[in-house]
Amino acid sequence: MLYVLLTSAIAFIITFVAIPAIIIIAQQKKLYDIPDARKLHTKPIASLGGVGIFGGFFLAGLLSIAIKTNPEFQYFFAAATLIFFLGIKDDILILSAIKKFIVQVVAAAIIIHLSGLRIESMHGFLGVYELPLAVSLALSYISIIVIINAFNLIDGVDGLAGSLGLMSMLLFGGYFYLVDMTAYALLAFAMAGSLVAFLIFNFNPARIFMGDSGSLLIGLVNAILVLKFISVADTAAVPFTLQSVVAIGFSVLMVPLADTLRVFSIRIFKGRSPFSPDRNHIHHLLLDRGLGQKQVTLTCVMLNAVFIAIAFAGRGFGSSYIMLSITAVACAFLGLLVYFKKPVPKVFVVQPLRHRSKSLGSTNTKVVSIATEVAIVEN
């Protein structure tokens, strides 16, 4: 327990000290997340919070995890470093979806082929147990890449991705500590400590965003933890075995995963790239229902807790029935959000005021200045 507390404390302190400095540097170098029609903030905000998260997580993990007795962790840290630099470059320069996808595949390959961590069995889900090698590799690649992107896509409201990431880290970390898999527990609690520090600056109204460098990193660490959890949680190798590990592992990440799979499906069905932006995520639906950002974050965290409770309470029924149950609850919840969705104001971006035609008038519009442009919101 002492190592866990020290690891969390080190990660917290490093991130907590780093974030204010990062905010100052971002202001000096004009490294902002600029508002647009899809975003909720109305002024430029620093988006390099992932630098502080990575610093705290990485240094705390290296100081506490013995690589000699846990050789796979050198590959975990290598993949995390690769994903972090992918995210930081995208935060500053903006990368194409194909370039981001290629780097994510490389990171997944490091985890699967070098560390040896992959999905080898479905543990009875849909009646499937051991998987052929080709299916195992394909499913492992897909799972890692989807989970990485899930936290990136859910990061649209102050505190949301960080809160969901903190919940998953505490749950996975607590389980691995309980079953004496200390290295994996330390990995989870290192990230948890960093996220607690980051959330102090990220809750609404946010002073900094985590950016892709933070959200992609959280997704990668979750992918490592959930694959390990599914691999060992129902085996005799651990003192506290669980049934229906696939469903329980999925439930811990249910909100970001379900939202990502749903949004990807809608975009592909409409003939668009699954990585193209829109306002169709669960947090957008909740905002359109009139909830504030704090309420959206709390609602998503509570909803995820409900899914976890359903999966854990019903673990004796098998993964197939549990997955059907939580999917039905998720679909019902999303259906209600879509059905009772409020109309969204239309936003048009026009020329600066000095270039606008006088014919626009000033009676029925609200004008909000964004940098050198003006957003006219038409009710």
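Me: Which residues is Ser-215 in contact with, once its neighbours within four places in sequence are left aside?
Reply: In this predicted model, that list is Ile-148, Phe-151, Asn-152, Asp-155 and Met-210. Ser-215 itself belongs to helix H8, residues 211-232.

Me: Is Ser-215 buried or exposed?
Reply: The general idea is to read the relative accessible area, where buried means under 20%. Ser-215 counts as buried because its relative accessibility is 0%. Its side chain also has a polar partner: a contact of 2.9 Å joins Ser-215 to the side chain of Asn-152.

Me: And Thr-297, what does its side chain reach?
Reply: That one goes to a backbone atom, the oxygen of Asp-158, at 2.9 Å. Thr-297 sits in helix H12, residues 293-313, and at 5% relative accessibility Thr-297 is buried. Beyond four places in sequence, Thr-297 touches Val-157, Asp-158, Gly-159, Leu-160, Ser-163 and Phe-203.

Me: Now salt bridges. How many does the structure hold?
Reply: Look for a side-chain nitrogen of Lys or Arg within 4 Å of a carboxyl oxygen of Asp or Glu. The structure holds four. One of them pairs Asp-90 with Lys-100, at 3.3 Å from N to O. Asp-90 is in helix H3 (residues 72-93) and Lys-100 is in helix H4, so this pair ties together parts 10 residues apart in sequence.

Me: Which other residue does Lys-100 form a salt bridge with?
Reply: Asp-212, with the closest N and O atoms 3.3 Å apart. Lys-100 is in helix H4 and Asp-212 in helix H8, so here the parts tied together are 112 residues apart in sequence. Put the two bridges side by side and you get a network linking Asp-90, Lys-100 and Asp-212. Asp-90 and Lys-100 are buried, and Asp-212 is buried too.

Me: Where do Asp-259 and Arg-262 lie?
Reply: Both are in helix H10 (residues 254-269), three residues apart, which is about one turn of the helix. Their side chains form a salt bridge of 3.8 Å, N to O, and both residues are buried.

Me: What about the nonpolar core: which members touch the most others?
Reply: In soluble globular proteins, nonpolar side chains tend to be buried together. Here the largest nonpolar core has 111 residues, and Phe-57, Phe-176, Leu-187, Met-191, Leu-225 and Phe-229 touch the most other members. Helix H7 (residues 182-202) gives this core its largest share, 14 residues. Take Met-191: not counting residues up to four places away in sequence, Met-191 touches Ile-53, Phe-57, Met-169, Leu-217, Ile-218 and Val-221.

Me: How far apart are the C-alpha atoms of Ile-147 and Val-221?
Reply: They are separated by 9.3 Å, with their positions 74 residues apart along the chain. Ile-147 is in helix H5, residues 133-153, and counts as buried at 6% relative accessibility. Its contacts beyond four places in sequence are Gly-219, Asn-222, Ala-223, Val-226, Leu-253 and Leu-257.

Me: Which residues make the nonpolar surface patch?
Reply: Ile-98, Phe-101, Ile-102, Val-106 and Phe-275 make it, over about 440 Å². Val-106 is in helix H4, residues 97-114, and is partly exposed, with a relative accessible area of 40%.

Me: And what about the whole chain: how many helices and strands does it have?
Reply: The protein chain has 13 helices and five strands. Of its 379 residues, 51% count as buried. The chain exposes about 17900 Å², with carbon and sulfur atoms supplying 67% of that area.

Key: Residues are numbered from 1 along each chain as its sequence is written. This is a predicted model: local features need pLDDT of at least 70, side-chain atom pairs count only at pLDDT 80 or more; totals for chains, interfaces and linings use all residues. Side-chain values use heavy atoms; hydrogens and water are left out. Patches are made of residues with over 30% relative accessible area and no salt bridge: like charges are joined within 9 Å, nonpolar side chains (Val, Leu, Ile, Met, Phe, Trp, Tyr) within 5 Å. Accessible areas come from the Shrake-Rupley method with a 1.4 Å probe; for residues, only the protein chains shown count as cover. Helices (H or I, at least four residues) and strands (E, at least two) are DSSP runs, numbered from the N terminus. Buried means under 20% relative accessible area, exposed over 50%, partly exposed in between (1.4 Å probe, protein chains only). A polar contact is a pair of N or O atoms within 3.5 Å; within protein, one must be able to donate a hydrogen and the other to accept it, and residues adjacent in sequence count only if both atoms are side-chain atoms. Contact means heavy atoms within 4.5 Å. A nonpolar core is a set of buried Ala, Val, Leu, Ile, Met, Phe, Trp, Tyr and Cys residues joined through side-chain atoms within 4.5 Å.
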